[in-house]
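The following exchange examines how computed values support the terms applied to a protein model.

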Amino acid sequence: MLNADELYDNAVQPDNVYGHCLALLDRYRDAAPSASEGIHLDLGCGFGRMAEVLCDVPGLTYVGVDGSDRGPSSLRDRGFEAHQLMFTSYDETIARLQQIVAGRRILSLSMLDTLEHLDNCDEILRVIRCLIGPHHAPAIISVPNFAHRDVGFKMAFGSWDYTREGILDHTHLRVFNKATLKRTFDAVGLQIVDTNDVYIVNSDQHFPTTHPALASGSLISEIMTGLRDQIDATAKVNQFVSLVLAGPQTRMTHYLSDEERAPKRPFLSVVMRTQGKRPHTMIEALTALAAQKDRDFELLVMGHKLTHENQLVIERQLEDSPKWMRDQIRLIRIDEGNRTRPLNVGFAEAKGEYIAILDDDDVPMAHWISTFRTLAQQKPGRVLRTIAARQNVDVIEVQGRSAVRATGGLEPYPAAFDLLQHMITNETPPVALAFPHGAFHDLNIRFDETLTTTEDWDFLMRCVFVVGVHAAPEITAIYHWWVDTVESSRTVHSQAEWDANYHTIHRKMDSMPILLEPGVAKELRYLKSRFNSGDFVEETGRTELLRAVTDILTSRSWRWSWVNRLPKYIKGRRDPNLAECMAMSNEELIKLIAQLRRSSSWRRTAIFRTNGKR
């Protein structure tokens, strides 16, 4: 408990903890009106500044209780009932409070900014449950948020400052964030049914204002604020104000057990989207999974908008898997959302240390998972990348059954992960990636469900900008590329959709601060020097070819010279877009670059590029 000379005396204000407590009580009374008379028990009442407001509630009598007599003495002088009581053991405290209650009905109870000062707060919470349970009364409990961003940002750089009062009051004996507060309540049998937290952007811990992590204009502050804000909404909460009711008691403790600290996880969670329309390819994907050298994985089959018939087909296919693999499979139905929804649901359900996407038409090789494990051991926590080989395919009928036919050879995607090129267009199919569990579950990076295509590219880049990527020059999977006669994301979605999604992702990248891998500075210097000189170096690698096309199509000189191409537009021809370029072979890209460079639009703007303009 607070010493007498440290007793707080704050007036009731709509935006402070007292005003928020009273608003919660009003909401509860409106939702569950009661005409009976009774008391409001204010534990740790201090000077009881809520008493004057509560006495206006019909039938309600205010009773204050505090360890120091200064507050109760002030309350008694103002005509209110008040008692001095130190919150000691459970038995002593409950016995004394029951004497104070003296058989009266408890209509409500509050304990504001007191729990954190007690060395036996779990026992006192059990006292509160015992008091309110028989009366079905609500209790309002407030505690400071130790995880306010001002505290967290400073602690990230080793700074810790006790103050006379506030979040890091020097008399605090227990600290809480949102999760630990809920766990503490659950452990003693109190259930949160409503909240009215107090938000303060700059808390009493917002000092020194010169600290780069606290200065809102600094780059490190923007990065940390962006990450924290996407994790939860409590970054600016100064005090948690919760309305709780008595619930069932549990065997939970307020602290984590050893099992909870280090839960047993499979190495990889494999998320497979399917609508059950390609059972012939799903059989191949399941067979390839069963042949993995590393069996430490779980498979989450995300059945998206399945018909009853397609679900039965999928269930039969899963049942035909080896027993060891059947035990690691979960079929989860999702009946709403676009193609992105199954990924968010699947990643949320995933238990693995890493999470990979394996669509029902992809084929992982036997060392797919083991290669990911090797990468994870080398650079834990990064996005893991291997190489997928693209193969053009279509469907044929063989003895009345559908089968996959290759219409081209294997064309590997780039061996190295080029961050700058990936900021232009995606060069890594989902099957070549494994994402760290924490990116989704701890940093709350989610797939953007407003995107109808390219959702994997958007998610990849937002992860890479934070955790980085570790790649291996190893082909581990075949990425099937369906020709136009077969339904796929390229045929189902219009070119306008693809272009709109590309622009959305580019705008996202432009709006966020990013962390760059070692070595990127050298690449940026090279690009800048080439840009300034206007020279074009003949490059034959796929990454360089795509970069060369993009340099032209995204340049200001190309955009400004659209009028030169107006006759072509009138005839129905149009400029190539980035998605189409991505689908081209190296030979096609070389021809396109030559065609663009020969165009009148590009030649007529050469003088601007020579002068350092684009």
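Q: What percentage of the residues of the chain count as buried?

A: In this predicted model, 50% of the 614 residues count as buried.

Q: Why is Asp-119 called exposed?

A: The relative accessible area of Asp-119 is 69%. Exposed means over 50%, so Asp-119 is rightly called exposed. Asp-119 is found in the loop between strand E4 (106-112) and helix H5 (121-132), and together with Asp-91, Glu-92 and Glu-123 it forms a negative surface patch.

Q: What makes the pair of Asp-229 and Lys-236 a salt bridge?

A: The closest N and O atoms of Asp-229 and Lys-236 are 3.8 Å apart. The criterion is a nitrogen of Lys or Arg within 4 Å of a carboxyl oxygen of Asp or Glu, and therefore the pair qualifies.

Q: Why is Asp-360 called buried, and Arg-278 partly exposed?

A: Asp-360 has a relative accessible area of 5%, and buried means under 20%. Arg-278 stands at 22%, between the limits of 20% and 50%, and therefore counts as partly exposed. These two residues form a salt bridge, with the closest N and O atoms 3.4 Å apart.

Q: How do you know that the salt bridge of Lys-508 and Asp-458 ties together separate parts of the sequence?

A: The closest N and O atoms of Lys-508 and Asp-458 are 3.0 Å apart. Lys-508 lies in helix H19 (residues 495-511) and Asp-458 in helix H17 (residues 455-467), so the pair links parts that are 50 residues apart in sequence. Both Lys-508 and Asp-458 are buried.

How values were computed: Residues numbered from 1 in each chain as written. Predicted model: local features only at pLDDT ≥ 70, side-chain atom pairs only at ≥ 80, totals over all residues. Heavy atoms only, no water. Patch = residues over 30% accessible without salt bridge, like charges linked within 9 Å, V, L, I, M, F, W, Y side chains within 5 Å. Areas by Shrake-Rupley, 256 points an atom, 1.4 Å probe, with all protein chains shown as cover. Salt bridge = Lys/Arg side-chain N within 4 Å of Asp/Glu carboxyl O. Lys, Arg positive; Asp, Glu negative; His and termini not counted. Charge placed at Lys NZ, Arg CZ, Asp CG, Glu CD. Helix = DSSP H or I, 4+ residues; strand = E, 2+ residues; numbered from the N terminus. Buried < 20%, exposed > 50% of the residue type's maximum accessible area, 1.4 Å probe, protein only.
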